Amino acid sequence: MRAVDAYTIQHQPIASIDLMEQVAAAFVTAFTAAYPHQQQAILVACGQGNNGGDGLAIASILAGKGFSNIRVLLTQFSQSPSADYLLNLERLKKTNPSIVLLTNPSELELLRDEIVIDALLGSGLNKPLSGTYAALVFAINQSGATIVSVDVPTGFSSEGEIQAPYQGIKADLAISFQLPKINFFFPESAEALKKFNVVPIGLKEDYIESLPSDWKLITNQWVSATLKPRENFSHKGTYGHVLMLAGNAETMGAALLATGAALHSGAGLVTACIPQSGLTALNVSLPEAMFLRREFLQKATLNKYQAVAIGPGLGVDKEQSQLLDYLLKQNQPLVLDADALNIIANNKHLLDKIPQKSIITPHLKEFDRLFGEHPNWWQRVETARQKAQALQIVIVLKNQYTFIALPTGEVCINPTGNPAMAQGGMGDVLTGMIASFMAQSYTCEQAAILGVYLHGKTGDALAENQGVIAASTLSKAIPKILRECHQ
């Protein structure tokens, strides 16, 4: 982002102080949408760098918009304020604000009903807080005030391992600029912020896209451009055939959810390879699906299936282990989930037998059983990146914001999904969706990205109207979201 700032200043052209004004204006637009009451008491806490300069400009703009109860806190912990900070301070003084000079955090008096705008330290910080800044942050956190951070919470690292225990600002909202920070998507960020909002500030998107990065954010535009329309004169064979090996005597629901999701995501044909005891349930709930007896699997011609998925509700006994071992030996790309991953975790030599271009979809515990314990999510994602490259597979590391590690070494971050989806069966639906897209001739990378994004987007659409979402409800809503993305 520093490189993009410099490029924008040079090529628009625009002075850095004017770019700071754009940043402040964008912040204020988002801030006033969330906190519109002009009589609300606001404390703008400013460091002496450019983040503090943003804060000074924000205070000026808020005053110009009629916010009359503003105090501006100027820290005096540094001897080298930035040039733009000093210029914005002179501009602010013309609005006759209430300015508090702070040299010692113990002197700070905070009101519980104030909103604190945190403009102390920005994204350039790369070490834990200490001394006077740490004491000031502690006082702000203890005040009980609502905290809104400018770009990032003070003390929060934008990328890399998040310190534990976290000792920075604990923001109710972070208003970030142009792009989200990578660490916003890691679970440990919950200690630093409850939610974030990303606002555009006029930086050059084409230049941003040109910069090298192993981190990719999945966008609706990419998904819409990648999805293939269903053409005239196409037929069920056009959209591929999924073989779903799932379910056991007591876990048939997982098989039905995965099979149903494959159908709802557009696969032309879906065959469920389930125990005989589940046939009646399959016929009643999913009459469109076909059935393959388990004992006939090894006699079946697997190359007639464009996607083979195994794992949801499968079980981990000797019989299921033999089924998985047989499939791994066919050297055909697979979608591996749930019990298929548990079997591999118990037989680590099978990791190297996973066919290239396969997709595995572990949650946190399944991932650590496969690849070892990890002290934090940054290290976990780094392992996913390394293993995806080494095995030439796609690893879908599931969480609220799912990370998709590609064989190229790139990591795609999925921004869709929400806590209303925290229910059993969601992973089974995701497996069915990914297998469906694989059957429809998408690459393994595309199938994983489309499945994860559309899974979360469907959940987001449903969450607008209900507090908790059942996996079966989400599965049935997939076609509507697919149609919207095609438009």
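**Reading salt bridges**

Trainee: What is the relative accessible area of Glu 21?

Mentor: In this predicted model, Glu 21 has a relative accessible area of 31% and is partly exposed. Arg 91 is also partly exposed, at 34% relative accessibility.

Trainee: Which side chain does that of Glu 21 meet in a salt bridge?

Mentor: In general, side chains of opposite charge can pair when their charged atoms come close. Here, the side chain of Glu 21 meets that of Arg 91 in a salt bridge, with an N to O distance of 3.6 Å. This pair links distant parts of the chain: Glu 21 lies in helix 2 (residues 16–34) and Arg 91 in helix 4 (residues 83–93), 70 residues apart.

Trainee: How many salt bridges does the count come to?

Mentor: The count is twelve. Arg 385 and Glu 382 form one salt bridge, their closest N and O atoms being 3.1 Å apart. Both belong to helix 13 (residues 377–391), and because they are three residues apart there, about one helical turn separates them.

Trainee: Is Arg 385 buried or exposed?

Mentor: Arg 385 is buried, with a relative accessible area of 8%, since the cut-off for burial is under 20%. Glu 382, at 23% relative accessibility, counts as partly exposed.

Trainee: Where do Glu 484 and Lys 480 lie?

Mentor: They lie in helix 16 (residues 471–486), four residues apart and so separated by about one helical turn. Their side chains meet in a salt bridge at 2.7 Å, N to O. Glu 484 is partly exposed at 35%, as is Lys 480 at 48%. Elsewhere, Asp 214, Glu 382 and Arg 385 are joined into one network by salt bridges that share partners.

Methods:
Residues are numbered from 1 along each chain as its sequence is written. This is a predicted model: local features need pLDDT of at least 70, side-chain atom pairs count only at pLDDT 80 or more; totals for chains, interfaces and linings use all residues. Side-chain values use heavy atoms; hydrogens and water are left out. A salt bridge is a side-chain nitrogen of Lys or Arg within 4 Å of a carboxyl oxygen of Asp or Glu. Helices (H or I, at least four residues) and strands (E, at least two) are DSSP runs, numbered from the N terminus. Buried means under 20% relative accessible area, exposed over 50%, partly exposed in between (1.4 Å probe, protein chains only).
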